[in-house]
Amino acid sequence: STPFRETNWMGFTRSGASPRQAYLYTERILDMIVAWTAANFPQLSTTKRYCGGGSKGAWGTLTYAIRRPSMFAALYPSRPKWRWDSSGNSTRFMDWDSGEIVSATGAAPILVADDGGYSTQVHQDIISYVANTANQIPWIGWSVGRNDGYMPFQDHVDAVTALRAAGRGFAFAWNNGNHSTGDLITTHIQNSYSYGMFEVGKGYPIYTNSSRDQNPAVDLEGGINLGFSHRNVVESASSWSCQVTNILGATTVTVRPKSAVYTGPTTPQIINIPAGTWVTVTFT
């Protein structure tokens, strides 16, 4: 229902508790839906699931699916929020007594013990979540307009900084548009990072320092890690390889493997990719 979507996948707070307590009601329902689908449609892949959505669906993708790398191979949120408030002090939730969506500054509601027992403010701060290298996450590609209006664009700049520092695989596209015109997922993200490319449990190349990257802190339009595709990933404990290309044209990029199988050296390699060419990258 609408209230659950509006609260970024949080359920009602418990009346009379101090501090107020919250349930991850919709997240539990989504877990059951995914499990039911797997049980009733065995022809569907359980390793090539993807999660995405626009606006509220994008916000939910970040709070829900980003915490489930064994369930989703990649995420495609369009115009998401990385946290409810750029200062990290505000949390929105559904209040049981009033039936209204309210904001809590300072003493945010606490999740019930079954849902972790920690602050909802922490649950909604996805920048801090991806910055913690102990947290595994799916690959993520997202887009937004600089003038979205639902969050400061600086949150996206901060997210890029956190993802880079933690060595995450991601792509990001932005324009100078608003919430209606900032959807670039199909045209800028999925055109190269297509469904089927990523698979749970299988490695992929992590790109950094592409010669095609723009700077979200200053450029009105641009992207990071746009246009890349990979294929033929082969990995073992002693070696890892794949082929990479860029559909936008020639580029130089730094590549290293993301793998749960390969245990050898991962020192990033500088790769030159000519236009229209697949280049093999090998680590041993």
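Hi everyone, let me begin with a pocket. The lining of the second largest pocket breaks down into 7 nonpolar, 3 polar and 1 charged residues. One thing to keep in mind throughout: this is a predicted model.

So which residues line that second largest pocket? They are L30, I33, V34, T37, A38, L44, S45, T46, R49, Y64 and F72. With the classes in mind, R49 is the charged one in that list. As for volume, the second largest pocket comes to about 200 Å³.

Now its bigger sibling. The largest pocket holds about 250 Å³ of space. There are 17 residues lining the largest pocket, and those closest to its centre are P69, G201, K202, Y204 and K258. Sorted by class, the lining of the largest pocket has 10 nonpolar, 4 polar and 3 charged residues.

Let's move on to the sheet. Here we have an open sheet of 5 strands with mixed pairing, and if you follow along on the structure, the order is β3-β4-β8-β9-β11. Which strands stand at the edges? Those are β3, residues 50-54, and β11, residues 222-224. Each has a single partner strand, so one side of each is left without a neighbour in the sheet. From one strand to the next, the twist averages 5 degrees.

Let me zoom in on the β11 edge. There, β11 pairs with β9, residues 170-175, in the antiparallel sense, over 3 bridges. If you'd like a spot to look at, find A173, which stands opposite G223 in β11.

Two helices pack on this sheet, and I'll take them in turn. Helix α3, residues 56-63, packs on the sheet and touches β3, β4 (74-78) and β8 (139-145). The direction of α3 makes about 145 degrees with that of β3. Then there is helix α6, residues 154-165, which also packs on the sheet, with β8, β9 and β11 as the strands it touches. For α6, the angle with the direction of β8 is about 160 degrees.

Last stop, a hairpin. Strand β12, residues 228-235, and strand β13, residues 240-246, run antiparallel and are joined by 6 bridges. How many residues does the hairpin use to join β12 to β13? The connection runs through 4 residues. Within this pair, S229 has T245 in β13 as its bridge partner.

That's my tour, thanks for listening, and I'm happy to pull up any of these spots on the screen.

Terms used. Residues numbered from 1 in each chain as written. Predicted model: local features only at pLDDT ≥ 70, side-chain atom pairs only at ≥ 80, totals over all residues. Heavy atoms only, no water. Pairing = 2+ DSSP bridges. Axes fitted to C-alpha atoms, helices over the stretch in contact; angles between N-to-C directions. Contact = heavy atoms within 4.5 Å. 1 Å grid on protein atoms, 1.4 Å probe; cavity = no way out; pocket = protein on both sides within 12 Å on 5 of 7 lines; lining within 4 Å. Points joined across faces, edges and corners; volume = space filled by probe spheres on them.
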